[in-house]
Amino acid sequence: MGGVPTRYFEAGEGDAIVFIYGGNFGSPDSATSARVWDENLASLSRRFRVIAFDKLGQGETGNPLRDEDYTMDAVVGHAAGFIRALQLPPVHLVGHSRGGYAATRLTLDNHELVRSLSIVNSGTLAPGVGTNEVVHAGPPHPRGSREAVRWVYENFHFRPELVTDQWLDLVMATLALPKYQESIRKMTVEGLGERLFLPLLSRQKRETLAWLEEGRLQRPTQVIWGFNDRTALLDRGIRLFQLIARHDRSAQLHVVNESGHFPHREHPARFNALIGRFASLHAAFAR
Amino acid sequence: MQAAELKPCLVDGATVLRNDPGARTGIVFIDGSIPGVSPYCGGAHVWGKALAPFAGEGGVAVIDSLSALGSGDGAACKTLDGAKDRFLSILRALGLRRCHVVAHDVAGLAALLMACEAADLIAGVTVVSGGVACPTRDEEENLALAHPYAPRTHRSAQKWALERISYSHQHIDAKLLDACEAAARSAAWLDAPIQGEARSRWQGSVGRAKARLYQAARTTGVPVPVQLVWGTHDPLSSVEHGLTLFRILAEKQRAAHFHLLNRAGALPFREEAEGFHQAVAAFVDGTGRDDGPV
């Protein structure tokens, strides 16, 4: 993708569902990858063509080629380019957390690529006060250690036991990649996180919310929210839904009990049913 | 492919619409119209076109409240427990091994209590616009239906009420009004006590039933997966009420869901039939098997 090697997983046939996970490059204590969707892909591939890719600079996808691309804007551009490169018909986009912002912004910028949108626990997108930085302030373990990573992901979950050794192995393997270490250095030591990524995201979030307010989304959208997410409180999900529902008759909000930030991991069967039914409903709508 | 046509059968003395009377599992729909209490004369007809997509996918049974509560000595109409016991009796007589109950309005409260008694039979409950089950004590009066036309069973009075509880009037067609008008002429409605002591008895029974539900939710929990489906513009029960009930039920029931349908009032299955089908079908799909950790 534009010179950046991009890893993706694909299975099944039928209408395409593309998954965009959360997080961002250069986070020292977390490193989500496309493997976070394993359980969802396995189930939904029985009826759909499902695709999960590693975002720019995350998982095993290469880093931004230029310092000025250490931005969410570049992440969104990379994701849109990826969908175009696969020559997919309009897809059902599922975006989680920061991926929920990316999926929404991608839709607003590229309506022709998107058939429907599912936004999952996206504090990055939702209006209101974020609590992620509060919940994850000061990990009581050395930065980047397995213990710190476990602590971060456990705080995201309602059931911390879901943060398995198998999951931690995946995260630690990503963190150990030289290119990922490079992104940590760029974002922290060189200060691209504070100097570029966060200010630009903040500015573009304001623009994105204004666009939602104006009714520019114009694709069927459901908001799915883990009820017990301490990092992105339900009230913010409701505000996001209300913003979208003003202009979208078919907008839906779905709240999942005993789920933290990752309802697709904590309740995969119910999450998959929601995504599958929504995609089926709006496949007919779009044809 | 499941037979889509729903045909009336007589079960335990009540009319039930079924597409596969021999089915051992399925979804059972119960409308929440109580003769003499509800603002319109309901029955199985209120589901309208919402049932067709379900009937095309699997076993469906529709308990007609008008027939269920109107048959017998009328005791089923007098208290919430009376209605609950009658619905459960019919449910057991259907011959199902397991079922998911989708219950509207008053029937939603009844269904939650039924699940507490019959978890062997009821695999899950979807409560649709179940404001009756929400905490409401010491609230300001809801004025949505404060000054109805008389008699309340007249076609124009029912149309007025249906419009008042809807987001849009578009779903209120001649077919619905004809059915409501016919229901008004049924013995159940003609015999129904509406005012005075009988109404107080009904309201008291609802209060006691709610107290039992809240106690169960706080202690043992409702023993089956529960989903609440609410319209964003329900004049009878706000989204805040629905979320409050969700929080109560979610305290002890892990598989609790809250689903909000946009631009719908107190009859969301009529106003947003596709979204309603998606929400209920996804819940049945997703709770139909073990939903264990990744």
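Contact means heavy atoms within 4.5 Å. The model treated here is predicted: local features need pLDDT of at least 70, side-chain atom pairs count only at pLDDT 80 or more, and totals for chains, interfaces and linings use all residues. Residues are numbered from 1 along each chain as its sequence is written, chains are lettered from A and ligands numbered from 1 in the order in which they are written, and side-chain values use heavy atoms, with hydrogens and water left out.

**Exercise 1. Contacts along chain B**

Task: Take the contacts in chain B between residues at least 6 apart in sequence, and state what percentage join residues at least 24 apart.

Solution. Use the contact rule of heavy atoms within 4.5 Å. Keep the pairs at least 6 apart in sequence; in chain B, 74% of these contacts join residues at least 24 apart. Run the count again for chain A, and the figure is 77%.

**Exercise 2. Overall build**

Task: Describe the secondary structure and the compactness of chain A.

Solution. Start with the elements. Helices (H or I, at least four residues) and strands (E, at least two) are DSSP runs, numbered from the N terminus. Chain A has 11 helices and 7 strands. Next, take the radius of gyration over C-alpha atoms, and set it against the globule rule, 2.2 Å times the number of residues to the power 0.38. Chain A has a radius of 17 Å, close to the 19 Å that the rule gives for 287 residues, so chain A is as compact as a globular protein of that length. Its C-alpha atoms fill a box of roughly 50 × 40 × 35 Å along the principal axes.

Now chain B. The tally is 11 helices and 8 strands. Its radius of gyration is 18 Å, close to the 19 Å from the rule for 294 residues, so chain B too is as compact as a globular protein of its length. The C-alpha trace spans about 55 × 45 × 35 Å along the principal axes.

**Exercise 3. Buried residues**

Task: Find what share of each chain is buried.

Solution. Apply the cut-offs: buried is under 20% relative accessible area, exposed over 50%, partly exposed in between (1.4 Å probe, protein chains only). In chain A, 64% of the 287 residues count as buried. In chain B, buried residues make up 56% of 294.

**Exercise 4. Aromatic pairs**

Task: Count the aromatic pairs over all chains, then examine a pair in each chain.

Solution. Rings of Phe, Tyr and Trp (its six-membered ring) pair if their centres lie within 6.5 Å; planes under 30 degrees apart are stacked, over 60 edge-to-face, the rest tilted. The total is 19 pairs over all chains. Y153(A) and W167(A) are 5.6 Å apart, centre to centre, with 90° between the planes, an edge-to-face pair. Y153(A) sits in helix α5 (residues 146-156) and W167(A) in helix α6 (residues 165-175), 14 residues apart. Both Y153(A) and W167(A) are buried.

Turn to chain B. F29(B) and W47(B) are also edge-to-face, at 5.2 Å and 70°. F29(B) lies in strand β3 (residues 25-30), while W47(B) lies in the loop between β3 and α1 (52-55), 18 residues apart. Both F29(B) and W47(B) are buried. They belong to one aromatic cluster with F54(B), F269(B) and F276(B).

**Exercise 5. Two buried sites**

Task: Locate S118(A) and A76(B), and list their contacts beyond four places in sequence.

Solution. S118(A) is in strand β5 (residues 114-120). Its relative accessible area is 3%, so S118(A) is buried. S118(A) touches L93(A), V94(A), G95(A), Q222(A), I275(A) and F278(A).

A76(B) is in the loop between α2 (65-70) and α3 (80-93). A76(B) is buried because its relative accessibility is 10%. Its contacts are L69(B), G82(B), A83(B) and R86(B). I34(B), 42 residues away in sequence, is 9.2 Å from A76(B), C-alpha to C-alpha.

**Exercise 6. Backbone details**

Task: Give phi for N121(A) and D12(B), and find the peptide bond that joins A150(B) and P151(B).

Solution. Phi of N121(A) is near 35°, positive in a residue other than glycine. N121(A) lies in the loop between β5 and α4 (132-135), and is buried at a relative accessible area of 0%. Phi of D12(B) is near 55°, again positive in a residue other than glycine. D12(B) lies in the loop between β1 (7-11) and β2 (14-18), and at 36% is partly exposed. Finally, the bond between A150(B) and P151(B) is cis, with omega about -10°. P151(B) is in the loop between β6 (122-128) and α5 (155-164).
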